[in-house]
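This report is meant for a reader who has not met this structure before. Please look at the sequence and the model first, and then read on.

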Amino acid sequence: MICQRNDDLVDPEDACPRCAERHIDRLIWIDDGEQVRCAACSTIYTPPNRRLEGGDPHAAPTQ
Ligand SMILES: [Zn+2]
């Protein structure tokens, strides 16, 4: 159950805090670029790692 393809999933810590949704297609960035809305349960939250899309883990965080 752990060995699934990871391409379409965000990191566990970025998952929806309410329903644990991890699928990229269901986690939608809001206009301010700081928060994400979970399409599954409508929770809005700020993911610890802001790299749900674009996927460059080496990108420097904003200073
Ligand atoms: Zn959710």
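The text below goes from the overall make-up to the sheet, the core and some single residues.

## Overall make-up

The structure is a predicted model. The protein has 63 residues, and 11% of them count as buried. Its secondary structure amounts to 3 strands and 0 helices. Read from the N terminus, the order of elements is β-β-β. Among the contacts with a separation of 6 or more, 29% are between residues 24 or more positions apart.

## The sheet

How are the strands arranged? They make an open sheet of 3 strands, in the order β1-β2-β3, with antiparallel pairing. Its edge strands are β1 and β3, each of which pairs on one side only. Strand β3 covers residues 44-45, and β1 covers residues 27-29. Strand β2 is made of residues 36-38 and is joined to β1 by 3 bridges, the two running antiparallel. In general, the strands of a sheet pair through backbone hydrogen bonds, either parallel or antiparallel.

Which residue of β2 is the bridge partner of L27? That partner is C38.

## The core

L27 and C38 also appear together in the largest nonpolar core, which has 5 residues. The other members are V10, C16 and V36. Leaving out residues up to four places away in sequence, C38 touches C16, R18, C19, E21, R26, L27 and T43. Two of these, C16 and L27, are members of the core as well.

## The segment before β1

Several of the residues described here belong to the segment before β1, including D7, P17, R18 and A20.

D7 is exposed because it has 7 other C-beta atoms within 10 Å, and the limit for an exposed residue is 12 or fewer. In sequence D7 and I24 are 17 residues apart, while their C-alpha atoms are 8.8 Å apart in space.

P17 has 14 other C-beta atoms within 10 Å, so it is partly exposed. Beyond its neighbours within four places in sequence, P17 is in contact with T43 and Y45. P17 and Y45 are 28 residues apart in sequence, with a C-alpha to C-alpha distance of 7.7 Å.

R18 is likewise in this segment. Its count is 13 other C-beta atoms within 10 Å, and it is therefore partly exposed. Not counting residues up to four places away in sequence, R18 touches C38, C41 and T43. The contact with C38 links R18 to a residue of the nonpolar core.

Is A20 buried or exposed? A20 is exposed, because 11 other C-beta atoms lie within 10 Å. The phi angle of A20 is near 65°, which is a positive value in a residue other than glycine.

## The loop between β2 and β3

A40 and S42 are both found in the loop between β2 and β3.

A40 has 14 C-beta neighbours inside 10 Å and so counts as partly exposed. With residues up to four places away in sequence set aside, A40 touches C16, C19, E21 and R26. One of these, C16, is part of the nonpolar core. A40 and C19 are 21 residues apart in sequence, and their C-alpha atoms are 7.7 Å apart.

S42 has 10 C-beta neighbours inside 10 Å and therefore counts as exposed. Its phi angle is near 70°, again a positive value in a residue other than glycine.

## Pairs apart in sequence

The table lists residue pairs with their separation in sequence and their C-alpha to C-alpha distance.

| Pair | Separation in sequence | C-alpha to C-alpha distance |
|---|---|---|
| P17 and Y45 | 28 residues | 7.7 Å |
| R18 and T43 | 25 residues | 7.0 Å |
| A40 and C19 | 21 residues | 7.7 Å |
| D7 and I24 | 17 residues | 8.8 Å |

T43 comes up in several of the contacts above. It is in contact with P17, it is touched by R18, and it is also on the list for C38.

How values were computed. Residues numbered from 1 in each chain as written. Predicted model: local features only at pLDDT ≥ 70, side-chain atom pairs only at ≥ 80, totals over all residues. Helix = DSSP H or I, 4+ residues; strand = E, 2+ residues; numbered from the N terminus. Buried ≥ 20, exposed ≤ 12 C-beta atoms within 10 Å, placed from the backbone. Contact = placed C-beta atoms within 7 Å. Core = buried A, V, L, I, M, F, W, Y, C linked by C-beta atoms within 7 Å. Pairing = 2+ DSSP bridges.
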